[in-house]
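Reader: I'd like a close look at a single part of this one, namely the cysteine link and whatever sits around it. Could you walk me through it?

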Amino acid sequence: MFSIKSLAAMAVCAVLSMGGSVAYAAEAAKPTDAKKETSKPAETKKTAPAKKAAPASKAVESQDVVKQKLDETGKKLVAQASTHIVPNIKQKEVAQATDGRGFVARYLHADPSTLSTELRPSQSGKGYVGIVRYMEYTMECRGESREKALNAPCQSVKSRRMSELLHYDGKWAY
């Protein structure tokens with residue numbers, strides 16, 4: 001048999017899979033008392049249309065909220081990329097220059113100022129797909145020795161456009 005908690009969880013999943021909001025799903029998952037429903041039928045009729053109208057108004061609002069969450073997630077993703085990709089500004093890769101003149105320190109830089117996001121409904125009709133785009137630059141610093149190359153000013157020598165696909169089903173997953 002199913003417990004009340006598992007039935008409530010199934011009800012939430014069912015409402016969300018039909019495009020309902022989390023607030024509406026939580027309301028639908030609440031256990032009801034049959035005695036209260038029979039003793040106050042007028043109140044049930046008054047509140048039922050308002051609850052049905054709420055998901056429609058929240059659907060428009062929820063897309064804005066989802067877009068805002070995508071923007072926030074995109075910022076976090078680019079910040080993580082800057083610190084987690086190797087080589088990065090704190091862990092530069094140093095090698096002797098191919099032309100034989102000194103050393104070259106290289107690192108990758110994900111530029112947060114180039115961040116752009118796009119929100120699309122998923123093809124399955126459940127949730128959204130987010131596209132996060134940013135530029136990643138290969139930076140080089142030159143010097144006569146390893147130490148001088150590590151401390152020299154750097155310049156961009158290559159760039160590439162990065163695109164990350166994310167899926168939203170209550171939260172952004174990547």
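Author: Let's start with the term itself: a disulfide here is a pair of cysteine sulfur atoms within 2.5 Å. Bear in mind that this is a predicted model, and that the values below are computed from it.

The structure holds one disulfide, and the two partners are Cys141 and Cys154, with 1.6 Å from S to S. The pair links distant parts of the chain: Cys141 belongs to strand S3 (residues 128-143), Cys154 belongs to strand S4 (residues 154-168), and 13 residues separate them. The link of Cys141 and Cys154 is right-handed, with 75° about the S-S bond. How do the two ends fare, buried or exposed? Cys141 counts as buried, because its relative accessibility is 0%. Cys154 counts as partly exposed, because its figure is 25%.

The bond isn't the whole story for these strands. S3 and S4 also pair in the antiparallel sense, over 14 bridges. One example is Ile131, whose bridge partner in S4 is Leu165. S4 then goes on to pair with strand S5 (residues 172-173), again in the antiparallel sense, over two bridges. There, His167 stands opposite Ala173 in S5. The hairpin of S4 and S5 has three residues between the strands, and Gly170 takes a positive phi near 100° in it.

Now for the charged side chains. Next door in sequence to Cys141 you'll find Glu140, which meets Arg106 in a salt bridge at 2.8 Å, N to O. Arg106 lies in strand S2 (residues 103-121) and Glu140 in S3, so this salt bridge ties together parts that are 34 residues apart in sequence. Glu140 is buried, because its relative accessible area is 13%, whereas Arg106 is partly exposed at 28%. Arg142 joins in as well: Arg106, Glu140 and Arg142 are linked in a network of salt bridges.

A little further along, Glu144 forms a salt bridge with Lys148, where the closest N and O atoms are 3.7 Å apart. Glu144 is exposed, with a relative accessible area of 65%, and Lys148 counts as partly exposed at 48%.

In total the count comes to eight salt bridges. Another of them joins Asp99 and Arg101, whose closest N and O atoms are 3.6 Å apart. Asp99 is partly exposed at 41%, while Arg101 counts as exposed at 66%.

How values were computed
Residues are numbered from 1 along each chain as its sequence is written. This is a predicted model: local features need pLDDT of at least 70, side-chain atom pairs count only at pLDDT 80 or more; totals for chains, interfaces and linings use all residues. Side-chain values use heavy atoms; hydrogens and water are left out. Helices (H or I, at least four residues) and strands (E, at least two) are DSSP runs, numbered from the N terminus. Buried means under 20% relative accessible area, exposed over 50%, partly exposed in between (1.4 Å probe, protein chains only). Two strands pair if DSSP finds at least two bridges between them. A salt bridge is a side-chain nitrogen of Lys or Arg within 4 Å of a carboxyl oxygen of Asp or Glu.
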